[in-house]
Amino acid sequence: MSKNQELFARASKHIPGGVNSPVRAFGSVGGTPPFIERAEGAHVWDADGKKYIDYVGSWGPAILGHAHPAVVKAVQDAAVNGLSFGAPTKGEVELAELISQRLPSMEKVRLVSSGTEATMSAIRLARGYTGRNKIIKFEGCYHGHADSLLVKAGSGLLTFGNPTSAGVPEDFIRHTLVLDFNNLEAVQAAFAEHGSDIACIIVEPIAGNMNLIKPAPGFLEGLREICTAHDAVLIFDEVMTGFRAGPQGVQGLSGITPDLTTLAKVIGGGMPVGAFGGRADIMDCIAPLGNVYQAGTLSGNPVAVAAGLVTLKLLDNALFYDTLAAQTQKLALGLADLAKAQGLTFSTDYVGGMLGLYFSEQVPTTYAEVAASNIDQFKQFFHAMLDEGVYWAPSAFEASFTSGAHTDEVIQTTLEAAERAFKRLKN
Ligand SMILES: *Cc1c(COP(=O)(O)O)cnc(C)c1O
């Protein structure tokens, strides 16, 4: 038995499924997940001492590469001064200022400890601000695991969705409308029927939780127009894309201004930090100024905030994002060429430090199209790459992530491994 297998067996005795977040269990690809012992730059090492090039990057946060010395030092320095006070600190002010400067739509910012908290709070705020109940989300977009968001489309247009988790009462999701990503007509129809009771639309403006799916031209513009026309709140969930798709997230790339934005992942630099923010008149509805309650014992934790602050400071560099995007592009185009040379049905897409790979002819535009890709071939590719020492996201429904540590040499090594992996795939 390998050390990974031993640890997984031990883990499974006292941790449900052996993991503290389900995708880590490799349920959709099979096999034993490597237990990671350490990470540096673009690499992680498992309990058996095997080294991998990492394209998970802690699911997004590791944009500077793992264990960046400046981030590690900031954490160490902050820890010496105390781990948590439950009282305001200067670091929180600096982080809120930095976020507002980079994302001007976030006039006011509240820090939390995870993306789930950020989206859950933003939705409560949108409901409190508008005095309405219903929300719109899109099939395949993930916004964390709050009850009202664990919903998938029901059968038929405009029917209310079904819970994607046991333990979520139908009553809780009665107010959640689930529509197809990139289908503006469905949004118009939903507003025509329920407009006076729709508090908000929440959307991943570039989706990264059903593999990578970009908005069709006009989709985000349309959402903006519809929300404005109906006095509904437009929430961009940029937990994944914030400071990763580009220096100002998708709002910077698209020029579309949401009313509220949620962030996490990169803004904590690997530590638990989330945030939601936006228009000051909406944000001022939160306690203690307003009557929408929201709080957190460890919110704005000084050690976590220190990691986020230094991360964002290091990202304040136009060249960083140009290089990141160029490396991601090199990888995406290289993979597509290699797969084509093997006669495989395969496509890729990319933006900033996000990469999508699909065993389908065309880049998908909806969840259903990702689901219709050759998932079985993805699983084979995933395991062939893992053998080769390359760690992709262990699901055909996840995007992969690059970092500032993914140098030419790292990309080249990845492409050489991919060429061997593609050759091994059963056509
Ligand atoms: C990861 C993610 C979340 C949830 O964040 P957690 O920190 O895991 O709670 C929410 N929205 C999006 C878009 C995400 O990618």
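Me: How far is an oxygen atom of the ligand from a polar backbone atom of G115?
Reply: In this predicted model, G115 belongs to the residues that surround the ligand, a group that also includes S114, T116, Y142 and D237. Its approach to the ligand is made through a polar backbone atom, and the distance from there to an oxygen atom of the ligand is 2.8 Å.

Me: Which residue has a polar side-chain atom 2.7 Å from a nitrogen atom of the ligand?
Reply: Y142 also has a polar atom facing a ligand nitrogen, at 3.2 Å, but there the protein atom belongs to the backbone. The side-chain atom asked about, at 2.7 Å from a nitrogen atom of the ligand, comes from D237.

Me: What area is buried between domain 1 and domain 2?
Reply: Domain 1 is made of two segments, 3-63 and 317-423, while domain 2 covers 69-314. Their contact draws on 29 residues from domain 1 and 26 residues from domain 2, and the centres of the two domains, taken over C-alpha atoms, are separated by 25 Å. Carbon and sulfur atoms give 61% of the buried area, which comes to about 2,200 Å².

Me: Which three residues supply 26% of the area that domain 1 buries against domain 2?
Reply: With about 2,200 Å² buried between the domains, one can ask how the share of domain 1 is distributed over its residues. No other three residues supply more of that share than Y321, M354 and Y367.

Me: Where the rule finds one salt bridge across the interface of domain 1 and domain 2, which side chains meet in a salt bridge?
Reply: The domain bounds place position 349 within 317-423 of domain 1 and position 214 within 69-314 of domain 2. A nitrogen and an oxygen 3.0 Å apart join the side chains of these two residues, D349 and K214.

Me: Which element gives the most residues to the side of domain 1 that touches domain 2?
Reply: Between the domains there are twelve residue pairs in polar contact. On the domain 1 side, the elements that give two or more residues are α11 (318-341), β13 (347-351), β14 (354-358) and α12 (367-371). The residues of this side divide into 19 nonpolar, eight polar and two charged. With five residues, the element that gives the most is β14.

Me: Which residue has a positive phi although it is not a glycine, and where does it lie?
Reply: The phi angle in question is about 75°, and the residue that adopts it is N182. N182 lies in the loop between β8 (176-179) and α6 (184-194).

Me: Which peptide bond is cis, with omega near 10°?
Reply: The proline concerned, P288, is found in the loop between α9 (280-283) and α10 (302-314). The cis bond leads into this proline from the preceding residue, running from A287 to P288.

Key:
Residues numbered from 1 in each chain as written. Predicted model: local features only at pLDDT ≥ 70, side-chain atom pairs only at ≥ 80, totals over all residues. Heavy atoms only, no water. Domains from an automatic or database assignment. Contact = heavy atoms within 4.5 Å. Buried area = accessible area lost by both parts, 1.4 Å probe. Salt bridge = Lys/Arg side-chain N within 4 Å of Asp/Glu carboxyl O. Polar contact = N/O pair within 3.5 Å; in protein donor to acceptor, adjacent residues only side chain to side chain. Helix = DSSP H or I, 4+ residues; strand = E, 2+ residues; numbered from the N terminus. Nonpolar A, V, L, I, M, F, W, Y, C, P; charged D, E, K, R; others polar. Near = heavy atom within 4 Å.
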